[in-house]
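I sat down with this one to look up how the sheet is put together and what packs around it. These are my notes, in the order I took them.

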Amino acid sequence: MKLIDNWKQAWKLKSVQVGALWAFFYVLMYAAFELLWQFGVHFPQLWAALPEEIKQLLPHSWVLWLGFLNNVLSIFARLRAQPELHEQPLGFVTVTAGHSNMDPGAVNGKTKEADLVVNFRNAVTHYLREAGLQVKTDGTGAKNDPLSAAVKLIQGSSVAVEFHMNAAASKQANGVETIALPRDKKLAQDLSKAVADALGSRLRGDNGWIDQSKSARGRLAYVNAGGLIMELGFISNEDELARFNARYWLAAKAVANILIKYNNALK
C-alpha cells in the first residue's frame, strides 16, 4: 500500500482532524452509554442491598428521589435482553419460605421467622427470574402458603429449596446448614457456604450439609419429596440476626447464583 506524499504531516489535514475527533467522541459516547447501561441494570440490586441504617441517614428528599429512580431502573433492567432465557433446560426452580402466614415459626421479640424467610424467598426469586429461569414459589409478596402446598410444587422442578431460620435455647448458637438427602450433599454444601460467606457466619454439620437421616428433626416431608431445607442462621442469636437483616439481599444473590449454575449444569 502506497501512502500519500508527506503522510507524516497528515495530522494537519482538516479531514484527518475531523475523522480523529469523530472517532474520539464515538468511543466516549459508547463508554458513557455502557456505563449508564450497567448502572441502570445494577442500581436496583445496590439500592436493595443498602442497609436501612444507611438509608435513614440520607435526607428524606434524597430517599424519595432514589426510590423513584429505583422503580424506573427496575423496569429498565427487566427490559434488558436476556439470551439465556432461551437456553434453560426443561423444568423449573422451586423456592419456598418455611412456615406460613398462620404459623410464625421461631420468634425473637417482634421478629418472626416466617417474615424473614419470606423476604429471603422473594429476593432469591428476583435474581432467578432476572436470569431468565422459570420459578415457582409458595406465594408472592407477604403471602406464604403452608407446607402442604409447598411440597406439591416440588414435582417436576430441577431443584427445590425452602428457607428457614434456626433457634436454640443458647443465645450463642450460630451457623448455616442445609438439610438434604445424600444425593444432594454437594449442592447443600455449596448453598450453605454461599450464605455463610455473605453473612459472615460459619458452617454447621458436614461443611454445611446435614444428612436428614442424622438430623434431630427426623424425616422432613419437604426433603422426602426431593427438596432441600436451608437454615439461614439463628434467629435466637442477636448478632447473627442483625447480620442477616443487613445482608440478606447479598446472601440471596449468592444462593441464586448457585441455583443458576446447578440448573445450567443439567443441560
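**Entry 1: the helix over the sheet.** I started with helix α6, residues 185–199, which lies across β5 (159–166), β6, β7 and β8. I looked up its direction too, and it runs at about 25 degrees to β8.

**Entry 2: how far to trust it.** This is a predicted model, so I checked confidence before going on. The protein has an average pLDDT of 80, and 65% of the residues score at least 70. Where does pLDDT stay under 50? I found that stretch at residues 82–90, for which the model has 17 contacts beyond four places in sequence. Where pLDDT is low, the predicted coordinates should not be read in detail. I left the contacts of 82–90 at a bare count.

**Entry 3: strand order.** I traced the sheet next. It is open, with 6 strands in the order β4-β1-β5-β8-β6-β7 and mixed pairing. Which strands sit at the edges? They are β4 (135–137) and β7 (209–211), each of which pairs on one side only. From one strand to the next, the twist averages 25 degrees.

**Entry 4: an antiparallel pair.** I then looked at β6 (residues 177–180) beside β8 (residues 228–234). These two pair in the antiparallel sense, over 3 bridges. For a landmark I noted E177, which stands opposite E231 in β8.

**Entry 5: strand β1.** Is β1 enclosed or open to the outside? I went through residues 93–97: 5 of the 5 are buried, so the strand is largely enclosed by the rest of the structure. In a regular strand the side chains alternate between the two faces of the sheet. In β1 I see V93, V95 and A97 pointing one way and T94 and T96 the other way, and all are buried.

I also checked the strands that β1 pairs with. It runs parallel to β4, joined by 3 bridges, and T94 stands opposite K136 there. It also runs parallel to β5, with 5 bridges, and E162 in β5 is the bridge partner of T96.

**Entry 6: a buried arginine.** R121 caught my eye in helix α4, residues 113–130. Its relative accessibility is 0%, so R121 counts as buried. What does its side chain reach? One polar contact is to the backbone oxygen of G141, at 3.2 Å. The backbone oxygen of G139 also lies 3.2 Å from a polar atom of the R121 side chain.

I listed the contacts of R121 as well, leaving aside neighbours within four places in sequence. Among them are V95, T96 and A97, which I had already met in β1. The list also includes T137, D138, T140, K143, N144 and F163.

**Entry 7: odd backbone angles.** Last, I looked for positive phi values outside glycine. H99 has one, near 65 degrees, and is found in the loop between β1 and β2 (107–108). Is H99 buried, partly exposed or exposed? Its relative accessible area is 24%, over the 20% limit for buried and under the 50% needed for exposed, so H99 is partly exposed.

N207 is one to note as well: its phi is positive, about 50 degrees, although N207 is not a glycine. I found N207 in the loop between α6 and β7, which took me back to the helix from my opening entry, the one lying across β5, β6, β7 and β8.

Definitions and conventions:
Residues numbered from 1 in each chain as written. Heavy atoms only, no water. pLDDT = per-residue confidence, 0-100. Contact = heavy atoms within 4.5 Å. Pairing = 2+ DSSP bridges. Helix = DSSP H or I, 4+ residues; strand = E, 2+ residues; numbered from the N terminus. Axes fitted to C-alpha atoms, helices over the stretch in contact; angles between N-to-C directions. Buried < 20%, exposed > 50% of the residue type's maximum accessible area, 1.4 Å probe, protein only. Polar contact = N/O pair within 3.5 Å; in protein donor to acceptor, adjacent residues only side chain to side chain.
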